[in-house]
Amino acid sequence: MLNRGGNIVITRGTLGTTGSFIAGTGLIVGILSILWGSGFSIFTGFAFVISLTGLGIWITMTPDDFKNFIMGRQAKRGTVAVFSTLLIVGIIAMLYIFVMRTGATIDMTQGERFTLSPETLDVIGAVNRSIEARIRITGFYAPRQLRLQEVDNQYWQLYDDATDKITLEYINPLTEPAKAAPYQAYLAQGINVFVAFEREDGEVIFQSTIPVAGTNIQERDMTEAITRLLLRGRFKVYFETGLDTLSAGDDSAEGSSIINSLLRTNGIETDLLNLEQLATSGNSIPVDASAIIFARPQRQLTQAEIDVIDEYVQRGGALFIFSDVILTSDSFLQEESMFNNYLWETFGLRGLDYVVIDEASSQETSTDLVSAAVYPGNPVGMNLNVENDPQSTTLFRLARPIEVDETPPVNNGSVILTSPFSWAENDIDRLIRDNSWEYNEGEDIQGPITTVAWANDQETGSKLVLVGDTDFITNGRILSPQGNSILFFDSIGWMTGFTEEVSFEPQILATGLPIIFIDVQTIDLIAFTTIILMPGIMLVFAIAIWGRRLR
Amino acid sequence: MRATWIIFRREVSAYFSSPLAYLIAFAFLLMTGIIFNNDLARSITVKSVDPSLIPDFLSLLMVLFAPLFTMRLLSEESREGTLELLLTAPVPDYSIVFGKFLSAWFYYSFLLGLTLFYQIILVNIGYPDFVHTTASYLGIWLYGGATLAVGLMFSALTENQIIAAFLSTITLFILWIGDLAGDIVASIDLARVIRNLTLQGHYSTSFAVGIIRLGDVVYYSGMIVIMLFLTIQFVESRRW
């Protein structure tokens, strides 16, 4: 560009080269702007105009150079090279697309995690046998969850491939907010996959939606959700309302809307039942009642109401009763009340007018009872007090004892017991008045004390779970600790028969890899071998070769 | 084939007689060793060992190491003028490229083989999911082959080893980070397309979780073929 005199000299060749550079750059920028903006824009047009201008300069200034570029030897060979490369890329791309569409996959996991287990195939068989059931799996995945979707899809696709009755749909909640809006409450909790029945026209029946838990054990989560969906309507639990009980629609900390909502989420229908009205009108408890929940009734039952309950029990009904010690003349389940006597005679269980004190297994005060011992033999208690999981205990505040008849008319037993350092305090007045207690031989009952018990009449099929506390099912307590909700749902599952239908052992759990146990010396030896010895040998080789070369 | 075999042997011999190759092996084993021990210490009494730990780590490590393995292969020959000699010899261009690529892949396989020692340790102290590990190793072996093919292509482009290494590192990093396209692109379809073009996208949700998808095998094999074809074109262009 500079001559010997230091002046700038612009030649035709320089202009031609510059023109070719501008033409190429403009063309690339134009193509990129089309790809990036998904269309033609003003910027794209501007880039192409610049490119054409550069091309014009190139052709005008160095026509021979341009001619060589498009017709010379290099151009011919270059063109062949470009087209042959494009051909290779095209062939490989087509092969790739074809193979991806075949979905050929080999499951290389020890537990065959990416292969449906026999239990899941049974559930899919039930879907196939069901005439009307068409199921839609709907997954909401934002772009940032693309990798999660890729992994999940490999499971969900197995269900889709296994039957024509299960279809799969993915929705991006960012671009389709209207479709995501009804699921917003779940999406906010991190639950993003749902199963629901589908109408013949392909529309999802939103009311049937069951969320799929996201525990990273995808097969179990999905199969359980589909099972719950299939069982929807088969189980119905009623909340008794005529005894001034806790309200299943109350969202406050003292309400019990959470258990109501969780029951529905799990495919169990819920409804309200007024025992007083049934007794007055002479009606019976509905035949579809799988269980009835009595959550903290505030008064004693009349004989007419007990008769209604007895009729239900005689045809195999299930009662889930929660009772506190309340010091009024009309309080529910008083020791000598008619209904307490009825439970004793029918199931061999009854509430006692004491308050349980536990000096060893409690929290802030000795009346805040942590489940000290659990009988694992019954399904109600089998998931409580799991080793190394403090959240799996229950926490009752001011509980009453439950007496279990040792010569019962039906099968019965304890579920939760207090520690041996507990007792049932008889002096409730003093406890309420002074917040103090003391064990008195002869007046109080020495622990361990039963706070939850079960009974099952195998002749009629009727079942009872009697709990000496009511706070634990309120919204403020049901999830803290988790043992409270475990007790509630395992009880419901046992009483209704729901657990037997839903629970299964997916393949991944049966073959889960055990954790490893090694001593400190072994850890040190492994660290020495892998961090010092192995790399060290390579370093010695490098130094030896370097030294030999120097010589 | 004979010419390919001769060049392969010559390059393998060059690798194993160079202190640089052992220094790379030293760094490679040191890093994988630290990662292995870190996971082992966290696993004890808490969880089962991660069957694809080392291959997962190598998927990132190869972004840095593949250019080191390949940067000298053609650019050094070009700078020293020995490539012209090779091109005038009765050896097809593809034999030169194949021989050099296979030697780099062999060296990588050798290093990968050394990390199997960790699996031997695990077999003796725990219950590793060995079939899952096999899938992960197969995936990272193919992944490594593709990264080496990219590195070799850039080595053919320039005489400067540093520039070749720099360009291939940048390219491999893009092919690695593209797996996270969903984090920056609003359209999930575009993110999926970008992800399908990346090396990591064909490893992290298939081989790494214990499944072998034929499509991913075709992707890596295809990537190797395309990159080697381009390399051959670049080498041949010297004759034009």
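The expected span of a helix is 1.5 Å times one less than its number of residues, where helices (H or I, at least four residues) and strands (E, at least two) are DSSP runs, numbered from the N terminus. The model is predicted, so that local features need pLDDT of at least 70 and side-chain atom pairs count only at pLDDT 80 or more, while totals for chains, interfaces and linings use all residues. Residues are numbered from 1 along each chain as its sequence is written, and chains are lettered from A and ligands numbered from 1 in the order in which they are written.

**Exercise 1.** Compare the expected span of helix 12 of chain A with the distance between its end C-alpha atoms, and establish how its buried residues are arranged about the axis.

*Solution.* Helix 12 covers residues 303-314 of chain A, and its 12 residues, at 1.5 Å a residue, should span 16 Å; the end C-alpha atoms are 16 Å apart, which agrees. Next, take as buried each residue with 20 or more other C-beta atoms within 10 Å of its own (exposed means 12 or fewer, partly exposed in between, with C-beta atoms placed from the backbone). The buried residues of the helix are then Glu305(A), Ile306(A), Val308(A), Ile309(A), Tyr312(A) and Val313(A). Seen down the axis, these buried residues fall within an arc of 155° (taken over the directions from the helix axis to the C-beta atoms), so they line one face of helix 12. Finally, they pack against helix 11 (275-281) and helix 13 (338-347) of chain A.

**Exercise 2.** Describe what each chain brings to the contact between chains A and B.

*Solution.* Counting residues as in contact if their C-beta atoms, placed from the backbone, lie within 7 Å, the contact takes 51 residues from chain A and 60 residues from chain B. On the side of chain A that touches chain B, helix 18 of chain A gives the most, with 14 residues. Strand 1 of chain A and strand 1 (residues 211-213) of chain B run antiparallel and are joined by 3 bridges, two strands being paired if DSSP finds at least two bridges between them. Within this pair, Thr105(A) has Arg213(B) as its bridge partner.

**Exercise 3.** Is Ile28(A) buried or exposed?

*Solution.* Ile28(A) lies in helix 1 (residues 12-37) of chain A. Because Ile28(A) has 12 C-beta neighbours inside 10 Å, this residue counts as exposed. The C-alpha atom of Ile28(A) is separated by 8.9 Å from that of Ser51(A), 23 residues apart along the chain.

Conventions
Two residues are in contact if their C-beta atoms, placed from the backbone, lie within 7 Å.
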